[in-house]
Amino acid sequence: MQTNDTPKRASWSGQLSFILAAAASAIGLGNLWRFPYLAAQYGGGTFILVYLVLVVTLGFTLMVTEIAIGRRTRQSQMTAYGKLHSGFGILGFLSTLIPFVIVPYYCVIGGWVLKYFWTYLRIVSGDVSSVAALEEPGAFFGGFVSAPFAPFGYGMLFILACALVIVLGVKGGIERSNKVMMPLLLAMAVGISAFVCCQPDAAEGLKYYLVPNMDSLRAAGADGVARFSVAQLGKTVLGAMGQMFYSLSLAMGIMITYGSYMREGDSIEKSVRRIEIFDTLVAVLAGLMIIPVVYMYAVKTGTPVKEAMNAGPGLMFVTLPRVFAEFGGVGPWVGLAFFLLVVFAALTSAISLYEACVAAVCDLLKMERRPATFFTFFLISFLAVFSALGYGAWGDVTLGAGLRNMGIAGDWTRGGLMGMQFLDFFDFVTNSFLMPIVAAVTCVFVGWVVGTKAIEDEVARGQDGGFAGAGFYRAMVRYIAPTLITAILVSEVCRAFGIGGWKI
Ligand code: PHE
């Protein structure tokens with residue numbers, strides 16, 4: 001039985017295990033799918049540069065804060081805030097809500113990836129019907145996500161795999177599975193990107209991805225002449241900032257929970273630097289895997305490049321299979337390796353989300369890990385039904401329709417925000433609202449309520465020579481971070497309600 005005061009909390013076996021676990025959480029669909037298309041959309045190297053600056057400043061600040069809160073309180077996010085200051089328990093509840101909302105839809109997307117991996121596996125083992133099915137990837141994807149049962153079935157398989165790892169514990173489950181999946185993931189990422197970069201026409205696409213394109217920071221004025229635009233720069237910074245939060249698994253309590261398993265003597269500062277390097281490396285590699293080939297494909301088929309790099313699921317589930325088909329005999333093998341890589345990345349991230357939920361249930365209800373895992377399993381599976389069926393059997397059920405049917409809302413809910421499918425809606429609410437709110441309030445909480453000293457002492461405790469970046473950290477957490485995060489929130493509100501033409 002775990003109680004608030006029990007010192008016998010699970011722990012990682014060492015600093016490396018912690019770094020690997022946090023990196024495993026960070027490296028996920030965000031790196032492999034979202035980073036490349038955002039980079040393509042926002043001027044390649046320009047976006048990468050902005051992103052790097054944000055990671056080492058804002059990302060560093062928030063990750064240090066969360067890990068230190070976890071290690072200091074030895075609690076999951078659910079109860080950690082309340083332990084530091086009794087008036088802030090609600091923040092714990094809010095940040096726990098986020099993984100509970102994300103994990104079901106993340107697992108549904110994990111199920112889509114599993115389906116593709118399975119299909120490529122059948123193709124390489126000579127199954128002709130799978131070859132034929134994937135010849136038209138658009139119809140294949142549409143048919144799959146709108147099927148009455150399959151998306152839920154694959155999603156459940158994915159949730160089950162996570163539950164199996166979680167029930168085995170921090171060392172026996174999470175640590176062990178990361179030690180297998182993460183090195184393989186990195187090896188495949190290096191291998192596929194090397195293969196792509198060696199393709200004869202890769203140079204143009206590489207240039208498009210890596211060379212800063214200042215045009216993305218210009219906008220046409222009233223006279224039609226394109227000039228540097230502060231609004232364009234602002235959009236790039238906000239886009240990069242949102243991506244950074246998501247990619248580093250910040251503002252959803254995971255790093256607090258993982259920090260609560262960290263050993264006293266390990267360095268938080270060094271660990272954070274390494275996690276950031278690892279996460280950014282895989283994001284950049286993902287761009288190397290995807291952008292040059294999609295660029296070549298766009299040029300070949302006469303599709304506008306920006307359109308080919310479309311933001312939606314189409315990029316991974318429709319465009320990439322088409323691109324792989326262009327490789328001839330090796331194509332299915334590249335597809336197989338690519339989707340296995342994505343399965344690993346999604347699985348390790350989903351495990352961390354699931355663990356944040358389980359740890360919260362353990363700490364709040366004083367439950368053991370095993371019953372907490374089962375309890376969470378049923379809850380997640382139930383919520384996954386909505387995301388899994390949202391594109392098919394329940395395709396017509398949107399939040400707006402639901403509210404209209406209940407007579408709560410009028411016709412204004414048609415289309416737009418309220419017209420979203422469940423999966424998109426969950427994604428939207430967490431990324432655009434809940435996460436920035438939790439992040440901003442956490443900064444104010446640490447900077448102005450509890451005081452930065454608590455965090456600084458915690459960071460200094462594990463390392464020789466104290467907290468080297470303490471002065472910088474203080475300025476960031478008190479002033480700069482809350483301002484920047486509030487800017488995300490405002491821009492998201494403007495975007496959601498169509499104020500001022502914002503579009504990110
Ligand atoms: N960081 C993960 C990624 O890049 C996403 C994630 C989100 C993981 C939420 C855990 C929690 O895909």
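Is proline 313 buried, exposed or partly exposed? At 28% relative accessibility, proline 313 counts as partly exposed; buried means under 20% relative accessible area, exposed over 50%, and partly exposed in between, with a 1.4 Å probe and protein chains only. The views below show a predicted model, in which local features need pLDDT of at least 70 and side-chain atom pairs count only at pLDDT 80 or more, while totals for chains, interfaces and linings use all residues. Residues are numbered from 1 along each chain as its sequence is written, and side-chain values use heavy atoms, with hydrogens and water left out.

**View 1. Proline 313 in the loop between α14 and α15.** Proline 313 is placed between α14 (305–308) and α15 (314–325); helices are DSSP runs (H or I, at least four residues), as strands are (E, at least two), numbered from the N terminus. Isoleucine 109 is 204 residues from proline 313 along the chain, and their C-alpha atoms are separated by 9.4 Å.

**View 2. The shell around the ligand.** The ligand is surrounded by 15 residues, and the closest are Ala26, Leu29, Gly30, Tyr246 and Met252; a residue is near a molecule or strand if one of its heavy atoms lies within 4 Å of it. Four helices each supply at least two residues of this shell: α1 (15–26), α2 (29–41), α11 (230–247) and α16 (331–365). By class, the shell holds seven nonpolar residues, eight polar residues and no charged residues. Here Ala, Val, Leu, Ile, Met, Phe, Trp, Tyr, Cys and Pro count as nonpolar, Asp, Glu, Lys and Arg as charged, and the others, Gly among them, as polar.

**View 3. Polar atoms beside the ligand.** A polar backbone atom of leucine 29 is 2.9 Å from an oxygen atom of the ligand. An oxygen atom of the ligand also lies 3.0 Å from a polar side-chain atom of tyrosine 106. For tyrosine 246, a backbone N or O atom lies 2.8 Å from a nitrogen atom of the ligand. Taken alone, the ligand exposes 320 Å², and the protein buries 100% of that; accessible areas come from the Shrake-Rupley method with a 1.4 Å probe, and for residues only the protein chains shown count as cover.

**View 4. The cavity that holds the ligand.** The ligand takes up the space of the largest cavity. A cavity is a set of points, on a 1 Å grid over the protein atoms alone, where a 1.4 Å probe fits but cannot get out. A molecule sits in a cavity if more than half of its atoms lie within 2 Å of its grid points.

**View 5. Glutamate 175 and serine 17.** Glutamate 175 belongs to helix α9 (residues 170–197) and counts as buried because its relative accessibility is 5%. The side chains of glutamate 175 and serine 17 are joined by a polar contact of 3.2 Å. Such a contact is a pair of N or O atoms within 3.5 Å; within protein, one must be able to donate a hydrogen and the other to accept it, and residues adjacent in sequence count only if both atoms are side-chain atoms.

**View 6. Serine 249 and lysine 366, with positive phi.** Most residues other than glycine have a negative phi. Serine 249, which is not a glycine, has a positive phi of about 55 degrees. This serine 249 is found in the loop between α11 and α12 and is buried, with a relative accessible area of 5%. Lysine 366 also has a positive phi, near 50 degrees. The loop between α16 and α17 (369–389) contains lysine 366, which is partly exposed at a relative accessible area of 29%.

**View 7. Serine 260 and alanine 68.** Serine 260 lies in the loop between α12 (254–259) and α13 (268–301), and counts as buried because its relative accessibility is 0%. Although 192 residues apart along the chain, serine 260 and alanine 68 have C-alpha atoms separated by 8.2 Å.

**View 8. Tyrosine 295 and tyrosine 208.** Tyrosine 295 is part of helix α13 and, at 15% relative accessibility, counts as buried. From C-alpha to C-alpha, tyrosine 295 and tyrosine 208 are 8.2 Å apart in space, with their positions 87 residues apart in sequence.

Technical notes. 1 Å grid on protein atoms, 1.4 Å probe; cavity = no way out; pocket = protein on both sides within 12 Å on 5 of 7 lines; lining within 4 Å.
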